[in-house]
Amino acid sequence: EMMADKDLAEGMILDVQDMDAILEQFISFMRDGSEEHSEPTDINQILSEVVAQFASQTEVVFHPEPLPEAPVKRLAIKRMVGNLVNNALRYGQGPIELAATPGRHEIRISIRDHGPGVDESRIPDLLQPFVRGDSARTTQGTGLGLAIVTRIVTLHRGSLELRNHPEGGLEVVVRLPLPEPPAVA
């Protein structure tokens, strides 16, 4: 910042910010949330926080539905949803649709963008560490975002599905299991 050549200084600052972001992704990958305790959580509250986080960058459409509390690792779920919205923002087009719906034994969280989608044959690869969706479009990212998501979903004994939406864009669906209700004697 104290350099006389302001263009060079600005470039160096941006490089350091990129390195910080990369290191944060590596730390997030290593810190999968397993040290965090599960607690009954309002998933809608987490999604609302993520919507607020990205509101200045793009339109995120979210209409909360009544949900039961789910026993989850709150920070890990917030990191997971944040990574998915960030990917939708980076590789897709707005608006980004975010939803959480109750099922009989699960809560279903979906994130959908309105971009071009992805080549179906590449979908399994995207879940692997260090694989990026479209490396020709950007130099940002480490390719760890979806790998972090996969680890968090696995930690919660959930399931993850990536698919091209029939009306366009990529849709990611996370299913988080709910505990079985106690048997009535």
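A residue is called buried here when its relative accessible area is under 20%. By that yardstick, helix α3 of this predicted model has a long list of buried residues: Arg-74, Ala-76, Ile-77, Met-80, Val-81, Gly-82, Asn-83, Leu-84, Val-85, Asn-87, Ala-88 and Tyr-91. The helix covers residues 74-91. Its 18 residues should span 26 Å at 1.5 Å a residue, and the C-alpha atoms at its two ends are indeed 26 Å apart, so expectation and model agree.

One polar name on that list is worth a quick look. Asn-87 sits in α3 and comes out at 18% relative accessibility, which is why it counts as buried. Leaving aside residues up to four places away in sequence, Asn-87 touches Gly-92 and Leu-146.

Now for the core. The largest nonpolar core is made up of 35 residues, and Ile-43, Ile-77, Met-80 and Ile-109 are the ones with the most contacts inside it. At least two core residues come from each of α2 (43-54), β2 (60-62), β3 (70-72), α3, β4 (96-102), β5 (106-112), α5 (145-155) and β7 (170-177). Helix α3 chips in the largest share, with seven residues. Met-80 gives a feel for how these pieces meet: setting aside residues up to four places away in sequence, it touches Ile-109, Val-149, Ile-152, Val-153 and Val-174.

Helix α2 also feeds this core. It has 12 residues and runs 17 Å from first C-alpha to last, close to the 16 Å expected at 1.5 Å a residue. Its buried residues are Ile-43, Asn-44, Ile-46, Leu-47, Val-50, Val-51 and Phe-54. Viewed down the helix axis, the buried residues of α2 fall within an arc of 160°, so they line one face of the helix. That kind of pattern is easy to read on a helix, because an α-helix has 3.6 residues a turn and residues three or four places apart therefore point the same way. At the N-terminal end of α2, Asp-42 acts as the cap, with a side-chain oxygen 3.0 Å from the backbone nitrogen of Asn-44.

On the strand side, β7 is mostly covered, with six of its eight residues buried. Strand β7 runs antiparallel to β5, and seven bridges join the two. Within this pairing, Arg-112 has Glu-171 of β7 as its bridge partner. Strand β6 (residues 159-164) pairs with β7 too, again in the antiparallel sense, over six bridges. There, Leu-160 stands opposite Val-174 of β7. The hairpin of β6 and β7 has five residues between its strands, and Gly-168 in that hairpin takes a positive phi near 110°.

A couple of loops have backbone quirks of their own. Gly-94 and Pro-95 are joined by a cis peptide bond, with omega at about -5°, and Pro-95 belongs to the loop between α3 and β4. In the loop between α5 and β6 lies Arg-157, where phi is near 60°, a positive value in a residue other than glycine. Unlike the buried Asn-87, Arg-157 counts as exposed because its relative accessibility is 73%.

Technical notes
Residues numbered from 1 in each chain as written. Predicted model: local features only at pLDDT ≥ 70, side-chain atom pairs only at ≥ 80, totals over all residues. Heavy atoms only, no water. Helix = DSSP H or I, 4+ residues; strand = E, 2+ residues; numbered from the N terminus. Buried < 20%, exposed > 50% of the residue type's maximum accessible area, 1.4 Å probe, protein only. Contact = heavy atoms within 4.5 Å. Core = buried A, V, L, I, M, F, W, Y, C linked by side-chain atoms within 4.5 Å. Pairing = 2+ DSSP bridges. Expected span 1.5 Å × (residues − 1). Arc of directions from axis to C-beta. Polar contact = N/O pair within 3.5 Å; in protein donor to acceptor, adjacent residues only side chain to side chain.
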